[in-house]
Amino acid sequence: MKDFVKLLRVKHYIKNLLVFMPMFFGGVIFIEEKLLKACLGFICFCLVSSAVYILNDCRDIDKDRKHPTKRNRPLASGRIKPNTAIVIMVASLILAILISIYLGTLKAAICLVLYYCLNIAYSMGLKNRPIIDIVILASGFVIRVFYGGFITDIVISKWLYLVVTTGSLYMGMGKRRNELRAQNDTREVLKYYNEAFLDKNMYVCVALANVFYALWTLEMPNPQISWTVPIFIVMLMCYSLDAEGDSDGDPIEVILKDKALIAIILGYAVCIFLLLYLL
């Protein structure tokens, strides 16, 4: 069972919580109809993202066997057969399609198709194209947010969109930077990057994320939300300290390994909740 959990990348489902972001920041998290749709959308995106991870593992099985850590993945190690993985992938996609039909939102369905097609293109070769590979990684986070907005009929703030976009680009470049530093990754695209380039552009993105977040707080109905700007800055500082350290740069790995960062994120969420829903 642990191998199947690893194959599906269940711990990466945390990324799909972005589906709830439009509801949460829109102040409508307690509307039952929207919450039900968001929960179904979350399940749907989890299924599609798992199908993407399985596809990538099937295509990279030979490369993963040469990698110091990826060789322990269920497919690369041989603990799960490729045919079994393909059956699970197809079943996940079928179930996701059925949920999408039930939700009946065309724009949300387009988001799912776009996400899956981009990741297929990534797996088929775009992951070896500099800049494009990072853009596709970042687009996954942005698509999740818009998907959540479409299924709950909530308009996404332009500033919130820019916060997610710049933050996602920062995390994508951080992942590539640490892979480059470790020099133990089999990614072909790493030969096009250097640390100086990634560092400079990471700093630009994290600075813009802070600015866009501050601008987003100014358009919120409760002006006191601006008080969370320092918390947001500290949160990014803590993430940056971990991401630019000895980690592999993967956003989920960075967050889950730092209890202090998790506490700050939870504290930030509580502050936003109080300011949006109770004060």
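Is Ile131 buried, exposed or partly exposed? Ile131 counts as partly exposed, since its relative accessibility is 43%. Keep in mind that this is a predicted model. We'll come back to Ile131 after a look at the whole chain.

**The chain as a whole**

What you see here is a helical chain: it has 13 helices and zero strands. Reading from the N terminus, you meet one α element after another. The C-alpha trace spans about 55 × 45 × 30 Å along its principal axes. How does that fit with a compact globule? For 279 residues, such a globule would have a radius of gyration near 19 Å, and the chain agrees, because its value is 19 Å.

Of the 279 residues, 49% count as buried. Many contacts reach far along the sequence: among those between residues at least 6 apart, 72% join residues at least 24 apart. On the outside, the accessible surface comes to about 14100 Å², and carbon and sulfur atoms account for 69% of that. As for charge, the chain carries 30 positive and 22 negative charges, whose mean positions are 5 Å apart.

**Two loop residues with positive phi**

Most residues other than glycine have a negative phi. Here are two with a positive value:

| Residue | Phi | Loop | Relative accessibility |
|---|---|---|---|
| Arg9 | near 55° | α1 (2-8) to α2 (21-26) | 11% |
| Ile131 | near 70° | α7 (106-124) to α8 (132-152) | 43% |

So where do they sit? Arg9 is in the loop between α1 and α2, and it is buried, because its relative accessible area of 11% is under 20%. Ile131 lies in the loop between α7 and α8, where it is partly exposed.

Key: Residues are numbered from 1 along each chain as its sequence is written. This is a predicted model: local features need pLDDT of at least 70, side-chain atom pairs count only at pLDDT 80 or more; totals for chains, interfaces and linings use all residues. Side-chain values use heavy atoms; hydrogens and water are left out. Helices (H or I, at least four residues) and strands (E, at least two) are DSSP runs, numbered from the N terminus. The radius of gyration is taken over C-alpha atoms; the globule rule is 2.2 Å times the number of residues to the power 0.38. Buried means under 20% relative accessible area, exposed over 50%, partly exposed in between (1.4 Å probe, protein chains only). Contact means heavy atoms within 4.5 Å. Accessible areas come from the Shrake-Rupley method with a 1.4 Å probe; for residues, only the protein chains shown count as cover. Lys and Arg count as positive and Asp and Glu as negative; His and the chain ends are not counted. The place of a charge is taken as NZ of Lys, CZ of Arg, CG of Asp or CD of Glu.
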